[in-house]
Amino acid sequence: MPNAPSSGAMDDPSRPVLTDAISDIERQTISRIAWRLLPMLMACYFVAYLDRVNVGFASLTMNKALGFSSAVYGFGGGIFFLGYFLFEVPSNIMLSKVGARRWIARILVTWGIVSACTALISGPVSFYSVRFLLGLAEAGFFPGIILYLTWWFPSYYRSRIIGVFMAAIPLSNILGSIVSGFLLDLDGTMGLAGWQWLFILEAVPAVVLGIAFWLTMTDWPSEAQWLTQDQRTWLTTRLDAERAQRESIQRYSLWQSLSDKRVLLLSLVYFGGTFSSYGIVLFQPQIVHRLTAGFGMTGIINAIPYVFAAGAMVWWGKHSDKTGERPRHVAAAYSVAGAGLIATSMMTDPVMTMVMLVVAAMGQSSTGPTFWTLPTAMLSGTAAAAGIAMINAVGNLGGFFGPYLFGLVRDATGGSFTYGLLIIALGPIMSATVVLILGHDRRLEHIPAKKAVAHH
């Protein structure tokens, strides 16, 4: 789990958080919180991402069985994000009111049930309906967890902590690719197709984790009996000081956070990222399947880019925290993602195709941990709940348009992936440009020493 920075790292006044020194109680508190919260949060996000994108593997046999064109599949894969968009902000506001424990548990159980129902689809209408309902059910989960992390971790640690949490994405793609490939080989077992088994078996963990989340997690630091009194005092003092610093620069109301120009531009940045990431995730199994033989081997080969992506994500988030720099880290990651997709479209050799997919995955995965430090540094309270949800909701509409346009372009070009890859590469290029123009006010993460440290 993330380590506290050394005292020497705090001498540079450009650092996002300043203290006189890093005390033992800070190291102990951050370590205990990380070990207590992150394993469960990562497990939940692992399952969330798996249930969101396992349709990519199901498509290897489902599309033919149900007569889906690439456009129908792309639209159904992406319509998830329309349901997600509609309920995102209300869901996150509700979480901020009732606490994460009950609300995240509710989200997990309902999306598990809906995801399993995907095994019952029989045509385009039922496919669209279930995917839309899955988006409604899962809405609020990711921004809710991002908000939840701001209740527990000071800003200095946030990029690396989000990086560790979001490492569940590539890990989900690694294990999910391997498991999904072999689940397709259950075709005919008990009268069900392999793709039906995939949806049923991969939905079960969401329901189990929902119950476990409700039983084991803690809503607020003040309720954390697994911290000592000194640790709770240090944490609440530090977080209160950070909140006061943000609000001394600008305090956002709920409605201001939804209409602020910076929030809207951050939504555009995130849109570009999801436009490409879900475009490639939902079609990559089909690209890889052309390079190899058998569903099991497809799953193994498809996992390779995400092995590298997991390491890149955690390392890049930690590097951003250490340097205190945010926009250039975000832009660099988006640029690598775009370049990797463009290069992939030009490759004809299977090995070089996989190399470029690795590059694209490393860039794409590294955007999240650094990107989410930008809105969490400027928003607090209910405004944070609404603003983070707004960025995630609008941004994730890219997850609808990316796969849908990819499918349309592929149908129009005789089944070629080349032009679809070039289209979705435009998303991260736009994101890199906008985030550099937007910049970042480092004062939002700067806490005067006398306010930041307690109980040395």
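**Exercise 1. The second largest cavity**

In this predicted model, describe the second largest cavity: which residues lie nearest its centre, and which helices line it?

Solution.
Step 1. The lining of the second largest cavity consists of 14 residues, and those nearest its centre are V53, F57, N173, S177 and N302.
Step 2. Two or more lining residues come from each of helix 1, helix 2 (55-66), helix 8, helix 13 and helix 14.
Step 3. Helix 8 gives the largest share of this lining, five residues.
Step 4. Sorted by class, the lining has six nonpolar and eight polar residues, with no charged ones.
Step 5. The space in the second largest cavity is about 90 Å³.

**Exercise 2. The largest cavity**

State how many cavities of 30 Å³ or more the model has, and describe the lining of the largest cavity.

Solution.
Step 1. The count is two cavities of 30 Å³ or more.
Step 2. The largest cavity has a volume of about 390 Å³. Its lining has 29 residues, and Y49, I169, S277, Q364 and S365 are the closest to the centre.
Step 3. At least two lining residues are supplied by each of helix 1, helix 8, helix 13 (261-289), helix 14 (295-323), helix 15 and helix 16 (350-371).
Step 4. Helix 13 provides the largest share, eight residues.
Step 5. By class, the lining of the largest cavity splits into 17 nonpolar residues, eleven polar residues and one charged residue.

**Exercise 3. A pocket**

Which residues line the second largest pocket, and which helices each supply at least two of them?

Solution.
Step 1. The lining is made up of I287, R290, L291, T344, S345, M347, T348, T353, S416, F417, T418 and L421.
Step 2. Helix 15 (327-346) and helix 20 (418-438) each contribute at least two residues to the lining of this pocket.
Step 3. Five of the lining residues are nonpolar, six are polar and one is charged.
Step 4. The volume of the second largest pocket is about 220 Å³.

**Exercise 4. Span, bend and burial of helix 1**

Compare the end-to-end distance of helix 1 with the expected span, then locate its bend and assess its burial.

Solution.
Step 1. Helix 1 covers residues 24-53, a run of 30 residues.
Step 2. At 1.5 Å a residue, helix 1 should span 44 Å. The C-alpha atoms at its ends are 42 Å apart, which agrees with that expectation.
Step 3. The helix bends by about 35° at L38, and the proline P39 follows within four residues.
Step 4. A residue counts as buried under 20% relative accessible area. In helix 1, 21 of the 30 residues are buried, so the rest of the structure largely encloses this helix.

**Exercise 5. Helix 14 and the glycine that follows**

Where is the kink in helix 14, and what is the phi of G324?

Solution.
Step 1. Helix 14 has 29 residues, and the distance from its first C-alpha to its last is 43 Å, close to the 42 Å expected at 1.5 Å a residue.
Step 2. The kink, of about 30°, is at I304, shortly before the proline P305.
Step 3. G324 follows helix 14 and has a positive phi, near 75°.

**Exercise 6. A positive phi outside glycine**

Where does M190 lie, and is M190 buried or exposed?

Solution.
Step 1. M190 belongs to the loop between helix 8 (168-183) and helix 9 (194-201).
Step 2. M190 is not a glycine, yet its phi is positive, about 55°.
Step 3. The cut-off for exposed is over 50% relative accessible area. M190 is therefore exposed, at 72%.

**Exercise 7. Two buried residues**

Place Y148 and L266 in their helices, and decide whether each is buried or exposed.

Solution.
Step 1. Y148 is part of helix 6 (residues 141-150). Its relative accessibility is 0%, so Y148 counts as buried.
Step 2. Y148 and G414 are 266 residues apart along the chain, and their C-alpha atoms are separated by 46 Å.
Step 3. L266 sits in helix 13. With 0% relative accessibility, L266 counts as buried.
Step 4. L266 and G76, 190 residues apart in sequence, are 26 Å apart from C-alpha to C-alpha.

**Exercise 8. The whole chain**

What is the radius of gyration of the protein chain, and what would a compact globule have?

Solution.
Step 1. The protein chain has 21 helices and zero strands.
Step 2. For 456 residues, a compact globule would have a radius of gyration near 23 Å. The chain has 22 Å, which agrees.
Step 3. Along the principal axes, the C-alpha atoms fill a box of roughly 65 × 45 × 40 Å.
Step 4. Of the 456 residues, 62% count as buried.

Methods
Residues are numbered from 1 along each chain as its sequence is written. This is a predicted model: local features need pLDDT of at least 70, side-chain atom pairs count only at pLDDT 80 or more; totals for chains, interfaces and linings use all residues. Side-chain values use heavy atoms; hydrogens and water are left out. The expected span of a helix is 1.5 Å times one less than its number of residues. The bend at a residue is the angle between axes fitted to the seven residues ending there and the seven starting there. Buried means under 20% relative accessible area, exposed over 50%, partly exposed in between (1.4 Å probe, protein chains only). On a 1 Å grid over the protein atoms alone, a cavity is a set of points where a 1.4 Å probe fits but cannot get out, and a pocket is an open set with protein on both sides within 12 Å along at least five of seven lines; lining residues have an atom within 4 Å of a point. Grid points are joined across faces, edges and corners, and a volume is the space filled by probe spheres set on the points. Ala, Val, Leu, Ile, Met, Phe, Trp, Tyr, Cys and Pro count as nonpolar, Asp, Glu, Lys and Arg as charged, and the others, Gly among them, as polar. The radius of gyration is taken over C-alpha atoms; the globule rule is 2.2 Å times the number of residues to the power 0.38.
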